[in-house]
Structures are given as C-alpha cells and as structure tokens.
Amino acid sequence: MPEVIFNGPEGRLEGRYQPGKEPNAPVAIVLHPHPQFGGTMNNQIVYNLFYMFAERGFSVLRFNSRGVGRSQGVFDHGIGELSDAAAALDWLQTINRESRGCWIAGFSFGAWIGMQLLMRRPEVEGFISVSPPENLYDFSFLAPCPSSGLIIHGDKDRVAPPSSVQKLVDKLKTQKGITIEQQIVEGANHFYEGKIDELTTRCAEYLDRRRQEIADGGGR
C-alpha cells in the first residue's frame, strides 16, 4: 500500500493509496473522524472501509487532513478540511483519468465533510456515511442531496444520537430521484466497539448491491 504525498491548499498532505488493477477502476476516498479528538487516516473504521474498497478493485485513497500526522497546516473547523478533501479527490481523479465511478465514505466528522464534498461533485455515484453527527454540525447544505447512499449508525451512540441521525435520514428520504438507505447496528456506540466487523460487512454488502444495480442500469 503506497504512501503518497500530494499538494493540498495549505501544503503537503499525506495519504495511503491503493491503485486498482484495471485502468478504468472506480475511485473512492475515505475521510477520517475529527482531528482534535484523535481522528486520523489510521482510524480502524477508516482503515477497514479503505480495504473494503480495495478488495473490490477500486483505486482508493485515505489521507490525513491538515495538521494531522505529517500533513501540513492547522485544523480549520471543517472549512479547510473540506478543501483538503476536494484536493485529495482531484489528485485521485488526476491519476485515474479513465475511472468509471466515484464513491465517498466518511466516519463521524468525516461523514460531514464527505457529504459536503458530495454536493460539489456531480460525478459521485454513491456514498457511505457512518454515524453522521447531525446534532453537532449543520447538514442543511444537502438541498437536495445529489446521489443515493447509505447512512449507518449505532443505536447506543451518544456522540451522534439515533434521534438526530433519524432527523437527517427523514429529511433526505423526502427527496425524489435518490434512495437513502438507513441501517442501524444494534448495540453499537459511536466507535463501534466490538461491532466494527459487523459495520464493515454491512457497508460491503451495501456497496456490492448498489454497484450491481448501477451496472444493471439503475441505482443512482
């Protein structure tokens, strides 16, 4: 798994990149949780989602946003981190010019950043949003949400409580032309202690199903 350094808006960003075997492999980017609460690209959930995409032939990138690990810059409360994510996706697409399909996945703070990035990228065909903290951040930018995706969260989550995630899901489900799938992992807290394997399996099953639907001519 190659270590990569690429240019971000505030300096170099470090990442881990796994290229797909096919020249037209789809691409995916995985975004980490809040940097000021220990969130890095080596978070176990980010790591597992990275390999979930890699095992399915994606060219996939995870990276540290500004001020994390060896990435330059300082934490910017989401504004700069969104710019970092856009730069990371630009880099990924530049070296995968023949790519067919683009996915975004994020966990917690990374889910918030990922869904903002989604709004800027009409080419994204799907997203996986793990425990989006609707109670902590403004998700009103999803008007409308441009693509279908999975929102998955735990029923014992105290950081992103089920009631707040439900508000986000209910809002998005009123939109036409997309399908928002909600899954709840029973017994899971925000960090999925003892439940990470179940979380990964559910995300993988969703990804496989959606990609088959897209291949069959639907599923957007």
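In this predicted model, H77 is a good place to start. With a relative accessible area of 59%, H77 is exposed, because the cut-off for that word is over 50%. H77 sits in the loop between β4 and α2 (79-94). The backbone there has a feature you may want to look at on screen: phi of H77 is near 60°, a positive value in a residue other than glycine.

Y192 also has a positive phi, near 55°, and again the residue is not glycine. Is Y192 buried or exposed? Y192 is buried, with a relative accessible area of 0%, and the cut-off for burial is under 20%. You will find Y192 in the loop between β8 (180-185) and α5 (196-215).

The loop between β8 and α5 also holds F191. Together with L136 and V159, F191 forms a nonpolar patch on the surface. The accessible area of L136, V159 and F191 together is about 280 Å².

One more loop deserves a visit. A143 and P144 are joined by a cis peptide bond, with omega about -5°. P144 belongs to the loop between β6 (126-130) and β7 (149-154).

**The strands and their pairing**

Let us turn to the sheet, starting with β3. Strand β3 covers residues 27-31, and five of its five residues are buried. In a regular strand the side chains alternate between the two faces of the sheet. In β3, V27, I29 and L31 point one way, while A28 and V30 point the other way, and all are buried.

β4 can be described in a similar manner. Five of the five residues of β4 are buried. S59, L61 and F63 point one way from β4, and V60 and R62 point the other way, all of them buried. An arginine, R62, is thus among the buried residues of this strand.

Which strands pair with which, and in what sense? The table lists the pairings, with the number of bridges for each.

| Strand pair | Sense | Bridges |
|---|---|---|
| β1 (residues 3-8) and β2 (residues 11-18) | antiparallel | six bridges |
| β2 and β4 (residues 59-63) | antiparallel | four bridges |
| β3 (residues 27-31) and β4 | parallel | four bridges |
| β3 and β5 (residues 102-107) | parallel | five bridges |

Individual residues help to trace these pairings. On the β4 side of β3, V30 stands opposite R62. How does the chain get from β3 to β4? It crosses through helix α1 (residues 44-55), and this β-α-β crossover is right-handed. V27 of β3 stands opposite S59 in β4, and V27 also stands opposite C102 in β5.

R62 has a partner in β2 as well, since R16 stands opposite R62 in β4. R16 is in turn the bridge partner of E3, which takes us to the pairing of β1 with β2. β1 and β2 form a hairpin with two residues between them. Strand β2 is mostly covered, with six of its eight residues buried.

**A helix position and a distance**

Away from the strands, A86 lies in helix α2. At 12% relative accessibility, A86 counts as buried, because this value falls under the 20% cut-off. How far apart are the C-alpha atoms of A86 and R158? They are separated by 29 Å, and the two residues are 72 residues apart along the chain.

**What the record adds**

Two annotations come from an unreviewed UniProt entry. The annotation "domain: Xaa-Pro dipeptidyl-peptidase-like" covers residues 17-138. In the model, the end C-alpha atoms of residues 17-138 lie 30 Å apart, and the span is 33% helix and 19% strand.

The other annotation, "domain: Peptidase S9 prolyl oligopeptidase catalytic", is also from an unreviewed entry and covers residues 146-193. Here the end C-alpha atoms lie 32 Å apart, and the span is 25% helix and 25% strand.

Key. Residues are numbered from 1 along each chain as its sequence is written. This is a predicted model: local features need pLDDT of at least 70, side-chain atom pairs count only at pLDDT 80 or more; totals for chains, interfaces and linings use all residues. Side-chain values use heavy atoms; hydrogens and water are left out. UniProt positions are given in the numbering used here, feature names are shortened, and annotations may be inferred rather than shown by experiment. Buried means under 20% relative accessible area, exposed over 50%, partly exposed in between (1.4 Å probe, protein chains only). Two strands pair if DSSP finds at least two bridges between them. A crossover is right-handed if, with the strands pointing away from the viewer, the path from the first strand over the helix to the second runs clockwise. Patches are made of residues with over 30% relative accessible area and no salt bridge: like charges are joined within 9 Å, nonpolar side chains (Val, Leu, Ile, Met, Phe, Trp, Tyr) within 5 Å. Accessible areas come from the Shrake-Rupley method with a 1.4 Å probe; for residues, only the protein chains shown count as cover. A salt bridge is a side-chain nitrogen of Lys or Arg within 4 Å of a carboxyl oxygen of Asp or Glu.
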